[in-house]
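Open your viewer and get ready to click along. We will pick out a few places in turn and look at what is there.

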Amino acid sequence: MTTGQSPATEPQTPPEDDERLPSLAEQMADQLGGWRGLVESSVPVVIFVLANIVGELRPAVIASVGVAVLIAVARLAQRRPVRHAVNGLVGIGIGASIAWRTGDERDFYLPGILYGIGYGVALLISAAIRQPLVGWIWSVLVAKGRAEWRDDPRLVRTFTQLTVLWGVVWLAKVGVQAGLYLAHQDTALGVARLALGYPPYALLLLITVWTVRRVTQQAAPQPLPGG
């Protein structure tokens, strides 16, 4: 820089892009897989329910698994993310395998019920021991592995409360499905699986993201006047 040149002419360093917190919409879209992810994850279950109503168990199993495989293959062919499709395929495959072996159509939903019970209990236990699972999931999915929230009592309290909320809702919805399973209400169980799948999950995710962002913004230090 030559003598007398104004410092204002120096290029300004842009803010680090990797420090930008994803927007609420971006975080929800990533976790839900967008509208396409929502539809694709529900289609195999819908196919099973409908095929089982109009036909037999084994054709319904074949149809649902076949559709799940086609969805995964289509995503691979289009070079789109396959995480949600693979997760759905694994879940459908396990349930279909059990139902195929037992010959009982309600067993198609058994893995999801057992998983839901385990997940709900794990959430409540993690909150009870002050290691809220929602906080750790937030660290992995949103905070790029950072866990500074553990040093902030407000965030620890917030994540604990959110974890309890997730656990209670999860056990409530799986309790409805378990009741229908024990009552041999196969068709109603399929409908409940769809109705109590993504809608409660999306609502919980919305509440979580909104709450954490609000608490984080309130806790952020305010700039000094004239700074």
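Helices here are DSSP runs of H or I with at least four residues, and they are numbered from the N terminus, as are strands (E, at least two residues). This is a predicted model, in which local features need pLDDT of at least 70, side-chain atom pairs count only at pLDDT 80 or more, and totals for chains, interfaces and linings use all residues. Residues are numbered from 1 along each chain as its sequence is written, and side-chain values use heavy atoms, leaving out hydrogens and water.

**Stop 1: helix α5**

Select Val-121, which sits in helix α5. The helix has 19 residues and spans 27 Å from first C-alpha to last, close to the 27 Å expected at 1.5 Å a residue; the expected span is 1.5 Å times one less than the number of residues. Is Val-121 buried or exposed? Neither: with a relative accessible area of 38%, Val-121 is partly exposed, because buried means under 20%, exposed over 50%, and partly exposed in between (1.4 Å probe, protein chains only).

Now add Leu-114, Ile-117, Ile-125 and Ile-129: with Val-121 they make a nonpolar surface patch of about 440 Å². Such a patch joins nonpolar side chains (Val, Leu, Ile, Met, Phe, Trp, Tyr) within 5 Å, from residues with over 30% relative accessible area and no salt bridge. An α-helix has 3.6 residues a turn, so residues three or four places apart point the same way.

For contrast, colour the buried residues of α5, including Ile-113, Tyr-119 and Leu-123. Just after α5 comes Arg-130, whose phi is positive, near 65°.

**Stop 2: the core**

Next, select Val-134, Trp-138, Phe-159, Trp-166 and Trp-170, which touch the most other members of the 19-residue largest nonpolar core. A nonpolar core is a set of buried Ala, Val, Leu, Ile, Met, Phe, Trp, Tyr and Cys residues joined through side-chain atoms within 4.5 Å. Helices α5, α6, α7 and α9 each supply at least two residues of this core. Apart from it lies another core, of 18 residues, with Phe-48 and Tyr-181 among them.

**Stop 3: a salt bridge**

Finally, find Asp-104 and Arg-106, whose side chains meet in a salt bridge at 2.9 Å, N to O. The term means a side-chain nitrogen of Lys or Arg within 4 Å of a carboxyl oxygen of Asp or Glu. The structure holds one salt bridge. Asp-104 is partly exposed at 21% relative accessibility, while Arg-106 is buried at 13%.

Key:
Patch = residues over 30% accessible without salt bridge, like charges linked within 9 Å, V, L, I, M, F, W, Y side chains within 5 Å. Areas by Shrake-Rupley, 256 points an atom, 1.4 Å probe, with all protein chains shown as cover.
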